[in-house]
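Dear colleague,

I am passing on the structure we spoke about, and below it you will find my notes on what turned up in it. Please read them with the model open beside you.

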Amino acid sequence: MLPPLSALRAFEVASRHLSFSKAAEELFVTQSAISRQIRNLEEFLGLPLFERRHRAVVLTAEGERYKRDIAEMFVKADRATRRLRRKDRRDVLRIQTYTTFTMRWLIPRLKRFNTSFPEIDLRLTASLQPVDFNNTNIHGAVRAGAGEWHARADKLCETYLIPVCSADYLASAGGVMTAKDLAEVTLLHSLGRPNDWRAWFAACGEGAIVDFDKGHSFESSSMAYQAAQRGLGVAIGQRFLVDDDLRSGSLVAPILQQIHSTETYYFLSSPRFAGVPSLELFRDWLLTEAQSSALSAVRQHPIEPPHSLA
């Protein structure tokens with residue numbers, strides 16, 4: 001015997017928001033209606049699903065398990081319904097991101113999104129400018145920062161910074177370097193992340209001896225990485241974006257010291273399009289991909305010294 005579908009939906013939405021009032025807003029009902037549905041469901045199951053606290057609710061252990069168990073059911077039901085209702089229609093989803101993030105992380109994974117949601121057409125644009133949800137029709141954006149946003153924001157990863165260059169460039173510079181050595185070589189800068197080199201040297205205690213105005217500058221980190229592969233100098237890499245290059249050997253780390261950066265990647269959802277199914281599906285997919293690729297645990301792949309220098 002199943003509980004009423006309305007009670008299950010009320011629980012699913014409330015468990016996502018951890019808020020009865022936000023669940024009520026999403027379902028266009030009153031907060032008391034959500035509370036009543038949850039209470040009826042708990043009586044049906046014979047156990048509490050939430051702990052009621054002052055101005056907050058928290059899932060119990062049983063509630064957390066129940067949330068995981070029923071979440072996929074609603075995803076499949078929503079997907080099936082949308083496909084039947086929209087057989088001849090296409091959803092257009094407009095996402096703003098960065099060139100480097102798109103080329104190095106997002107595009108290699110987009111085939112899985114297309115397979116799961118063939119009815120959604122993505123419109124990806126790249127910009128270094130702050131996203132303007134009020135005056136544009138952008139549904140969501142990938143932005144880098146320290147976490148202070150005026151929109152719903154989901155952290156995608158932790159970012160670690162590490163110097164990278166080509167094996168030939170490292171050999172020509174005499175082999176494995178120290179931070180002091182790096183201050184004397186050609187540094188490659190990204191205009192999109194102008195503070196990364198400064199933060200790395202400051203963490204190494206060498207910031208005062210570096211002329212950060214010297215070296216080559218590029219519009220994006222992706223261009224700086226390409227320049228490093230071509231032997232133009234040493235770029236400061238975002239670890240999760242250069243891991244594949246480090247493993248393949250197209251880039252090497254001249255010094256095995258990486259630092260944590262507070263400026264990392266978030267997915268921002270436009271308040272204007274809150275609850276739009278295509279946006280929610282893309283957000284859930286993006287967070288799942290970020291988790292499965294272990295972006296928050298980049299340190300689990302140790303960096304090996306270049307073979308020629310080992």
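To begin with the side chains, the charged end of Arg143 sits over the ring of Tyr98, at 4.0 Å from the centre of that ring. Please keep in mind throughout that this is a predicted model. The ring of Tyr98 also belongs to a cluster, in which ring pairs link it with Phe101, Trp105, Phe240 and Tyr265.

Across the structure, the count of aromatic pairs comes to 18. A pair of this kind is described by the distance between the ring centres and the angle between the ring planes. For Phe282 and Trp285 the centres are 5.8 Å apart and the planes stand at 35°, and because an angle that is neither under 30 degrees nor over 60 counts as tilted, this pair is described as tilted. Both residues lie in helix 12, three residues apart, so about one helical turn separates them. Phe282 is buried, with a relative accessible area of 1%, and Trp285 is buried as well, with a value of 9%.

Helix 12, which covers residues 277–292, brings us to the sheet, since this helix lies across strand 3, strand 4, strand 5, strand 6 and strand 12. Relative to strand 12 (264–269), the helix runs at about 160°.

The sheet itself is open and consists of five strands in the order 4-3-5-12-6, with mixed pairing. Strand 4 (120–126) and strand 6 (152–155) stand at its edges, and because each has a single partner strand, one side of each is left without a neighbour in the sheet. From one strand to the next, the twist averages 25°. Within this sheet, strand 3 (residues 91–97) and strand 5 (residues 140–145) pair in the parallel sense over two bridges, and the bridge partner of Ile95 in strand 5 is Gly140.

You may also want to know about the cysteines: how many disulfides does the structure hold? The number is zero. A disulfide, as you know, is a covalent bond that joins the sulfur atoms of two cysteines. As for the accessibility of individual cysteines, Cys165 counts as buried at 0% relative accessibility, and Cys204, at 18%, also counts as buried, because the cut-off for that word is a relative accessible area under 20%.

With best regards

Definitions and conventions
Residues are numbered from 1 along each chain as its sequence is written. This is a predicted model: local features need pLDDT of at least 70, side-chain atom pairs count only at pLDDT 80 or more; totals for chains, interfaces and linings use all residues. Side-chain values use heavy atoms; hydrogens and water are left out. Two strands pair if DSSP finds at least two bridges between them. Helices (H or I, at least four residues) and strands (E, at least two) are DSSP runs, numbered from the N terminus. Axes are lines fitted to C-alpha atoms, for helices over the stretch in contact, and angles run from 0 to 180 degrees between N-to-C directions. Contact means heavy atoms within 4.5 Å. Rings of Phe, Tyr and Trp (its six-membered ring) pair if their centres lie within 6.5 Å; planes under 30 degrees apart count as stacked, over 60 as edge-to-face and the rest as tilted. Buried means under 20% relative accessible area, exposed over 50%, partly exposed in between (1.4 Å probe, protein chains only). A charge sits over a ring if NZ of Lys or CZ of Arg is within 6 Å of the ring centre and within 35 degrees of the ring normal. A disulfide is a pair of cysteine sulfur atoms within 2.5 Å.
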